[in-house]
Amino acid sequence: MNQRSTGNELFPVFLQLNNLQVLLVGGGSVALEKLTALLGNSPHTKITLVAREISAEVRSFAAAYPGIQLDERAFEDTDLNGVDVAVVASNNAPLNNHIREEARRRHILINVADKPELCDFYLGSVVKKGNLKIGISTNGKSPTIAKRIKELLNEALPHEIDETLDYMGRLRDQLKGNFADKVRQLNAHTAMLVDSKERK
């Protein structure tokens, strides 16, 4: 049965970036923003940053992360060799388009800053509470709204949520029975959490 898709058609995924090789092209303030987002979520990510000029702020930030390699030079097509994910933070439109074409040819996922039409994925707002991580997307329509929703969720989620996740993880490991039985038991435990919140 065919259903016409409407609205946001992005498929949310969580990448294990610490197991992937990332290329970041650009060395200015936008590159710093991308670095902060990538390493704030996955601090052990291996990143090669290539740019004709690398700012002092980027160098200072990168110094705290041994997985970052800085190459102050022009981008070369061979920089995409062995890369799993590419992020472009350059204000050079012809270069952006060229890297996009090369990445597509090599089947490499790419994000080009402020150019949704050139992106395979977006770096959305992320809510983090210990092991809990929630990604927020407005389909590129309004990063400001995404930021506000992030603030709301940060305030609404209790700090104790991580303790609850640890407990549920231990409980799941101890449960007996087949998959359906385990799901029923876990649902019963989480239903109590929802009920207690609704009574407040």
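Which strands are included in what covers the buried residues of H3? They include strand E1 (21-25), E4 and E5. Welcome to a short tour of this predicted model, which starts with the largest pocket, at about 1,800 Å³, and then turns to helix H3 and two single residues.

**The largest pocket**

- The volume of the largest pocket is about 1,800 Å³, and 49 residues line it.
- Closest to the centre of this pocket are Tyr122, Leu123, Gly124, Ser125 and Val126.
- Two helices, H1 (29-41) and H4 (143-156), each give two or more residues to the lining, as do the strands E4 (85-88), E5 (109-112), E6 (125-129) and E7 (132-136).
- The top contributor to the lining is H1, with 7 residues.
- By residue class, the lining holds 25 nonpolar, 15 polar and 9 charged residues.

**Helix H3**

- Helix H3 covers residues 93-105, which makes 13 residues.
- Its end C-alpha atoms are 18 Å apart, in agreement with the expected span, because 1.5 Å a residue should also give 18 Å for this helix.
- At the N-terminal end, H3 is capped by Asn92; a side-chain oxygen of Asn92 lies 3.1 Å from the backbone nitrogen of Leu95.
- After H3 comes His107, with a positive phi near 60°.
- Asn96, Ile99, Arg100, Glu102 and Ala103 are the buried residues of H3, and the elements that cover them include E1, E4 and E5.
- Two of those covering strands, E4 and E5, are also among the elements that give two or more residues to the pocket lining.

**Ser125, by the pocket centre**

- Ser125 sits in strand E6 and is one of the residues closest to the centre of the largest pocket.
- Why does Ser125 count as buried? Its relative accessibility is 17%, and buried means under 20%.
- Beyond its neighbours within four places in sequence, Ser125 is in contact with Ile134, Gly135 and Ile136, and also with Ala146, Lys147 and Lys150.

**Ala64, in a loop**

- Ala64 belongs to the loop that runs between helix H2 (56-62) and strand E3 (68-72).
- Is Ala64 buried or exposed? Ala64 has a relative accessible area of 58%, so it is exposed, the cut-off being over 50%.
- From Ala64 to Asn111 the separation is 47 residues in sequence, and their C-alpha atoms are 24 Å apart in space.

Notes:
Residues are numbered from 1 along each chain as its sequence is written. This is a predicted model: local features need pLDDT of at least 70, side-chain atom pairs count only at pLDDT 80 or more; totals for chains, interfaces and linings use all residues. Side-chain values use heavy atoms; hydrogens and water are left out. On a 1 Å grid over the protein atoms alone, a cavity is a set of points where a 1.4 Å probe fits but cannot get out, and a pocket is an open set with protein on both sides within 12 Å along at least five of seven lines; lining residues have an atom within 4 Å of a point. Grid points are joined across faces, edges and corners, and a volume is the space filled by probe spheres set on the points. Helices (H or I, at least four residues) and strands (E, at least two) are DSSP runs, numbered from the N terminus. Ala, Val, Leu, Ile, Met, Phe, Trp, Tyr, Cys and Pro count as nonpolar, Asp, Glu, Lys and Arg as charged, and the others, Gly among them, as polar. The expected span of a helix is 1.5 Å times one less than its number of residues. Buried means under 20% relative accessible area, exposed over 50%, partly exposed in between (1.4 Å probe, protein chains only). Contact means heavy atoms within 4.5 Å. A polar contact is a pair of N or O atoms within 3.5 Å; within protein, one must be able to donate a hydrogen and the other to accept it, and residues adjacent in sequence count only if both atoms are side-chain atoms.
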